[in-house]
Amino acid sequence: MKASIKVCVFASGTGSNFQAIMETESLACEIVLLVCDRPGALVIDKAKQKQIPVHVFDPTSYPSKQAYEEELITVLREREVTWIFLAGYMRIIGAHLLQAYHGRIVNIHPSLLPKFPGKDAIEKAYRAKVNKTGVTVHYIDEGIDTGPIIAQQEVKIYPTDSLKTLTNRIQKVEHQLYPKVINQLIQNEG
Ligand code: GRF
């Protein structure tokens, strides 16, 4: 582990991707913080179990996105975070944070972007009766799931699939692909 590269994960929900990243033995960076915008989310417990510091905030208690993002930027800088990895973070990143971490905010999305952006991407692909979908890791920009693509992996949809079996297969791919891409990004910057 290269302790000098400090990263933060943003998540809002279950945190299976956060867990996969956190449990990667050969991770080339150190997760110094979990940011969560939903007090009570399961991902918080996952971080606490591994003694990873957590910053939980409730966006509704701030006057604006700018206000909570300014606080986030302060917290991130205090912990010397250089990369932000979104893992099921259900909030659009605003101009302030984007500017502060330009080109250093990455997301994982459960479809082959640009197909099926936004929420419920697995279900949308399943209902569209396409024969393949997949997983995309991409940089964040101002849009929803529109930033430059870093890596994609295809997942076939079989006629026998239920939404559940497809979801399970996609998650398995996510849990392998995301840590791999994170390591590549970190290692590429030397
Ligand atoms: C994942 O499917 C990810 O691609 C999407 O949100 C989901 C988060 O799942 N952005 P989890 O909380 O990591 O289990």
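Which residues does H138 touch, not counting residues up to four places away in sequence? In this predicted model, H138 is found in strand β6, and its contacts comprise I105, V106, N107, H109, L113, D145, T146, G147, P148, I149 and I150. H138 is classed as buried because its relative accessible area is 0%, which lies under the 20% cut-off applied to buried residues.

Several of these contacts belong to strand β5, which spans residues 105-109 and is largely enclosed by the rest of the structure, since five of its five residues are buried. In a regular strand the side chains alternate between the two faces of the sheet. In β5, I105, N107 and H109 point one way, whereas V106 and I108 point the other way, and all of them are buried.

On one side of the pairing scheme, β5 runs parallel to strand β4 (residues 83-86), to which it is joined by three bridges, and I84 has I105 as its bridge partner in β5. Between these two strands the chain passes through helix α4 (residues 95-100), forming a β-α-β crossover that is right-handed. The pairing of β5 with strand β6 (residues 132-139) is instead antiparallel and extends over four bridges; here the bridge partner of N107 is H138, a residue that N107 also touches.

The loops that follow these elements contain some backbone features of note. In the loop between β5 and α5, where P114 is found, the peptide bond from L113 to P114 is cis, with omega near 15 degrees. Positive phi values near 60 degrees occur in K129 and in D145, neither of which is glycine. K129, in the loop between α5 and β6, is exposed, with a relative accessible area of 74%, whereas D145, in the loop between β6 and β7 (149-156), is buried, with a relative accessible area of 15%. D145 is also one of the residues touched by H138.

Strand β5 also takes part in the lining of the largest pocket, which has a volume of about 970 Å³. This pocket is lined by 35 residues, and those nearest its centre are G88, Y89, M90, I108 and P110. At least two lining residues are supplied by each of α1 (16-22), β5, α5 (121-127) and α6 (163-188), with α6 giving the most, namely four residues. By residue class, the lining of the largest pocket divides into 14 nonpolar, 13 polar and eight charged residues.

Methods. Residues numbered from 1 in each chain as written. Predicted model: local features only at pLDDT ≥ 70, side-chain atom pairs only at ≥ 80, totals over all residues. Heavy atoms only, no water. Buried < 20%, exposed > 50% of the residue type's maximum accessible area, 1.4 Å probe, protein only. Pairing = 2+ DSSP bridges. Right-handed = clockwise from strand over helix to strand, strands pointing away. 1 Å grid on protein atoms, 1.4 Å probe; cavity = no way out; pocket = protein on both sides within 12 Å on 5 of 7 lines; lining within 4 Å. Points joined across faces, edges and corners; volume = space filled by probe spheres on them. Nonpolar A, V, L, I, M, F, W, Y, C, P; charged D, E, K, R; others polar. Contact = heavy atoms within 4.5 Å.
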